[in-house]
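Please look through the sequence and the model that follow, and keep both at hand while reading. The paragraphs after them go from charged side chains to aromatic rings and then to two single residues.

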Amino acid sequence: MWSPSPALALTRTRNPTHQLLSMHLQRTHPKTVQMPRFEKTHADPKTVCSIILGGGAGTRLFPLTRRRAKPAVPIGGCYRLIDVPMSNCINSGINKIFILTQFNSQSLNRHLAQTYSFGNGVNFGDGFVEPLAATQRPGEDGKKWFQGPADAVRQFTWLFEDYAKNKRIEHFLILSGDHLYRMDYMDFIQKHIDTGADITISCVPIDDSRASDYGLMKIDDRGRVLYFSEKPKGVDLKAMEVDTTILGLSPQEAKKKPYIASMGIYVFRTDILLKLLRWRYPTANDFGSEIIPASTKEYNVQAYLFNDYWEDIGTIKSFFDANLALAAQPPKFLFYDPMKPIFTSPCFLPPTKIERCRVLDSIISHGCFLRECSVEHSVVGIRSRLEYGVELKETMMMGADNYETEAEIASLLAEGKVPIGVGENTKIRNCIIDKNARIGKNVVIVNTDNVEEAERPSEGYYIRSGITVILKNSIIKDGTVI
């Protein structure tokens, strides 16, 4: 059996006599004695594989998820939500990416194929982008669809295990497909390695108003998670208050944000992930409410502070507010970062044409036509058409999938039909307009009665949290008042 040299063994103690003996041995045997070196292990993106969760049914984002998966919902005029974690992976050097999908995945799959392929200039080298759809397998359990995020990953552990062995994957990065933020994941994984963690959770400090919407945690002075509670309420919520100066916040900031919230972004050591899903908690369906809280008791679970802009696009209101925040001055989040761009599908559209318009604090995407209209604090998506006298205020308009020619528009108007876009003298406020909507002339959409919730699918709209949502491909006839 190998044993260390006397000098090496002695230098590991602090006894003064041993130190003197060590110095003597180093002078008398300079060639045989070497001081130990402790080199930092640097995170290598080649040893990391990302798993992006395609989301569930998206009921809180309905009706935007009526015909599409949550990550495929358009944002910021020309992007999709999935572009955010995908771009963060690419900018972090992580090029091995699985996307787990189940609900309404057709538009998401199409966007992934059109955007993240070699033909679009995104080079994945020896990596890949591979959607994994929910599928049935042999056996009774194999007949079930994904029961939750953890179960979705569990159903493909056979694939992840084989891939980890063949490609030497040491860490799996679990991401959500419906968040808005910009992060260098390698900083996150470096913290995971430096602390010797089995699991690391990315977290943000948060205030009282939204704390009960997230998983909350308590940590010690070394960042280890001691206790985790998923969406606590009442007394349980109050019990999760902590002094967030431990995260580096100032006393003033810590007073405003007394909670530590999980972002739903995790790094697992490969062996730990497989062990937890297969053997330790084989029936657990969720990471946040089941696996993470239980794991804090027997594994080294660490917290990683992300003290920057982050928004969970989980509801119609959060989606609406996040989009309008892009047009604020100054904006809380910028898509315009040349060093860390957010990628999306190339559209090859002409520049937007604006004729005698008033545009204030807004985002106008490419390929639009604006004629003598007013746009204020709004986001206007690709191929949008706003006619004479239109007033758009605090509105998120997703745009259109295709153009109608001038001749087609004239023909539709002559027949009393409504072209794609917004017709003359229409007033719209506090609204989300989904793709390919046809809104006629002299329409008023302002929700003057302050209705909080309404369902009018036959009339082409819903109202959610006081926000009017015009459905995709819907027709709002001339003179309609909502």
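A residue is called buried when its relative accessible area is under 20%, exposed when that area is over 50%, and partly exposed in between. With these words in hand, and remembering that this is a predicted model, we can begin with a pair of charged residues, R154 and D151, which are both buried. The two lie in helix α5, which covers residues 149–154, and they stand three residues apart, about one turn of the helix. R154 forms a salt bridge with D151, and the closest N and O atoms of this pair are 3.2 Å apart.

The general idea behind such a pairing is that side chains of opposite charge can pair when their charged atoms come close. In the whole structure there are 24 salt bridges, and a few of them show how the surroundings of the partners are described. The side chains of D271 and R269 meet in a salt bridge with an N to O distance of 2.6 Å. D271 has a relative accessible area of 42%, and because this value falls between the limits of 20% and 50%, D271 counts as partly exposed. R269, at 28% relative accessibility, is likewise classed as partly exposed. Another salt bridge joins the side chains of R464 and E455, at 3.3 Å from N to O, and here R464 is buried, with a relative accessible area of 15%. Salt bridges can also share partners, and in this way R371, R385, E387 and E406 are joined into one network.

From charges we turn to rings, where a search of the whole structure finds 19 aromatic pairs. One of the pairs is formed by Y181 and F306, which meet edge-to-face, with 6.2 Å from centre to centre and 80° between the planes. This pair links distant parts of the chain, since Y181 belongs to strand β7 (residues 179–181) while F306 lies in the loop between β12 (301–305) and β13 (310–312), 125 residues apart. Both Y181 and F306 are buried.

Y214 and W310 form an aromatic pair of the tilted kind, with their centres 5.5 Å apart and 55° between their planes. Y214 lies in the loop between β8 (199–206) and β9 (215–219), whereas W310 is in strand β13, so the pair ties together parts that are 96 residues apart in sequence. Y214 and W310 are both buried. Rings can also be linked in a group, and ring pairs join F98, F128, F160, Y163 and F172 into a cluster. A charged residue may meet a ring as well: R383 lies over the face of Y403, at 5.9 Å from the ring centre.

Y214 leads us on to a single residue, S229, because S229 is in contact with Y214, G215, L216 and M240 when its neighbours within four places in sequence are left aside. The place of S229 is in strand β10, which covers residues 225–230. Is S229 buried or exposed? Its relative accessible area is 13%, so S229 is buried.

The last stop is T65, which is found in the loop between β1 (48–53) and β2 (74–75). T65 has a relative accessible area of 3%, and because this is under 20%, T65 counts as buried. Which residues is T65 in contact with, leaving aside its neighbours within four places in sequence? They are A57, G58, K70, V73 and N104.

Notes: Residues numbered from 1 in each chain as written. Predicted model: local features only at pLDDT ≥ 70, side-chain atom pairs only at ≥ 80, totals over all residues. Heavy atoms only, no water. Helix = DSSP H or I, 4+ residues; strand = E, 2+ residues; numbered from the N terminus. Buried < 20%, exposed > 50% of the residue type's maximum accessible area, 1.4 Å probe, protein only. Contact = heavy atoms within 4.5 Å. Salt bridge = Lys/Arg side-chain N within 4 Å of Asp/Glu carboxyl O. Phe/Tyr/Trp six-rings, centres within 6.5 Å; stacked < 30°, edge-to-face > 60°. Lys NZ or Arg CZ within 6 Å of the ring centre and 35° of its normal.
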